[in-house]
Amino acid sequence: MNIFDIMGPIMVGPSSSHTAGAARMGRVARHLLGSQPVKAVIQLHGSFADTGKGHGTDRAIVAGLLDLAPDHPDIPRSFQLAQEAGMEVSIHPVDLPGAHPNTALIHLTDAQGHTLSVSASSLGGGRIRVNAIDEMEASFSGELPTLIIRNQDRPGIVSQVSQVLSEHQANIATMQLYRDRRGGLAVMVIECDNHLSPALVDELSHLDGVEKCTYLNMEGC
Amino acid sequence: MAFQSVEHLISCSTQTPLWKAVLLDDCQDRDVKEEESFSRMETLWQAMVDSVDSYDPQRRSASGLSGGQGAKMEGVEHTLCGPFMQQVIATALKVGEHNACMGRIVAAPTAGASGVMPAVLLPLCRSEGLSTQTMVECLYVAAGFGQVIATRASISGAEGGCQAEIGSASGMAAAALVHARGGSAEQMAHACAMALQNVLGLVCDPVAGLVEVPCVKRNVMGAVNAMACADMALAGITAAIPCDQVIDAMATVGRTLPSALRETGKGGLAATPAGRAIAQQQAKPAP
């Protein structure tokens, strides 16, 4: 954990885990979707469900979906802003056995009808962890430029992806592999040290066997 | 790379001051220049000052539970604690209330505990005319100790109770105060250890689940505790249990706390008849 995760962030109160972390969670989900959602179904678990209303967790997640930063003064009135922006929002409690106490499931739909489900937890001090995307396990913070690649589980794909990254001089910080079953659907989560170019991301998404390549860069957010 | 132990933190500060060791580690960790790291920390210091100075005594939180107390404390003559500690107490209340009112604050290490660092540093800075440079150094010291606490234990009330929030802030602030007075790295560790020892087991029991009762006033306790522990360390008083072991004990205690006492708003003060009555009042739809 970097010292600026301890000291900071500068944020709108009242809670770093329940307000700032929640805002960041919404913002990461929005960036993973790639555009502003027209519909958001938010499920809150544990302490998020029990105390989220008083902490403004619900308003903070919606503010994040509107791409507002955790120190944006408009966070308290995000429901109104969402309505004005034509975003339909519903919020429900959920019980997720074994999940981190500050966990939310965010189900999004964009204007083209694309959907995305993100499970994320707020770890304290405004930091978050994405636990799953579209029900496939993952584990990343969104603090580094991150690639999420969905591909068929077959030999050679990891090598092709790392070759493209190496050709573009992109250094891999961490790499995780998940799959639903042998030969099924797999997910690669790659955190890089530097920003990746659109050309690189495009090249990766056209690799044989790659179904979808999402690039998340929250730098400056 | 992040400091994993206070012992390591101290061993890195034999040739260079502790605050500088933390800064250099940040530069390496994020691949940035020293000036860039320093100016980012300076921005945080400025935001802390703003969170105190933009306090509005008329402002109330949405629940109506917080607001106006900082000004009330400041307005009293002849406090038991004396004028300097009065300012510390008032500053802690002001930032705590500003946070509860959805104002802009610096999480240090969390929003609920955001009053502790400015409460101990700003009155000292203003009464002794300390430089911004010194204040920023203090924040590095606090961040270094905070990093160890976050790594070995937790800075989240939902995970470790209030000891992880106000407790961590108090330990960090105690170490920072030792630096402000030119104390040694070992004294910083003793100050941090003593401050943490004093709050071990502190539960997170927010009434109605809001970061208001008892959170705002616990910032006062965290700040006053930090002052006392820094003074003890500077006087040569030591903690019998080394700082790392105190932090490990804090982690164990946090894991042992039942969920009702970890920010769920279901135990402690939140479960008292008065606490429940406030929660019920809050649950009523607005007229």
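**Exercise 1. Find the share of buried residues in chain A, then describe its overall form.**

Of the 221 residues in chain A, 56% are buried, meaning under 20% relative accessible area, where exposed is over 50% and partly exposed lies in between (1.4 Å probe, protein chains only). Before going on, a note on the ground rules: this is a predicted model, in which local features need pLDDT of at least 70 and side-chain atom pairs count only at pLDDT 80 or more, while totals for chains, interfaces and linings use all residues. Residues are numbered from 1 along each chain as its sequence is written, chains are lettered from A and ligands numbered from 1 in the order in which they are written, and side-chain values use heavy atoms, with hydrogens and water left out.

Step 1: take the radius of gyration over C-alpha atoms and set it beside the globule rule, 2.2 Å times the number of residues to the power 0.38. For 221 residues a compact globule would come out near 17 Å, and chain A agrees because its own value is 17 Å.

Step 2: look along the principal axes, where the C-alpha atoms of chain A fill a box of roughly 50 × 35 × 35 Å.

Step 3: count the elements. Chain A holds seven helices and eleven strands; these are DSSP runs numbered from the N terminus, with helices as H or I of at least four residues and strands as E of at least two.

Step 4: check the contacts (heavy atoms within 4.5 Å). Of those in chain A between residues at least 6 apart in sequence, 67% join residues at least 24 apart.

**Exercise 2. Locate a cis peptide bond in each of chains A and B.**

Step 1: in chain A, go to the bond from Gly8(A) to Pro9(A), which is cis with omega near 5 degrees. Pro9(A) sits in the loop between helix 1 (3-6) and strand 1 (10-12) of chain A.

Step 2: in chain B, the bond from Ala108(B) to Pro109(B) is cis, with omega near 0 degrees. The loop between strand 1 (104-106) and helix 6 (116-128) of chain B holds Pro109(B).

**Exercise 3. Find two residues of chain B, neither of them glycine, with positive phi, and state whether each is buried or partly exposed.**

Step 1: Met102(B) has phi near 60 degrees and belongs to the loop between helix 5 (82-100) and strand 1 of chain B. Its relative accessible area is 16%, so Met102(B) is buried.

Step 2: Ala208(B) has a positive phi of about 60 degrees, in the loop between helix 10 (185-199) and helix 11 (215-234) of chain B. Ala208(B) is partly exposed because its relative accessible area is 22%.
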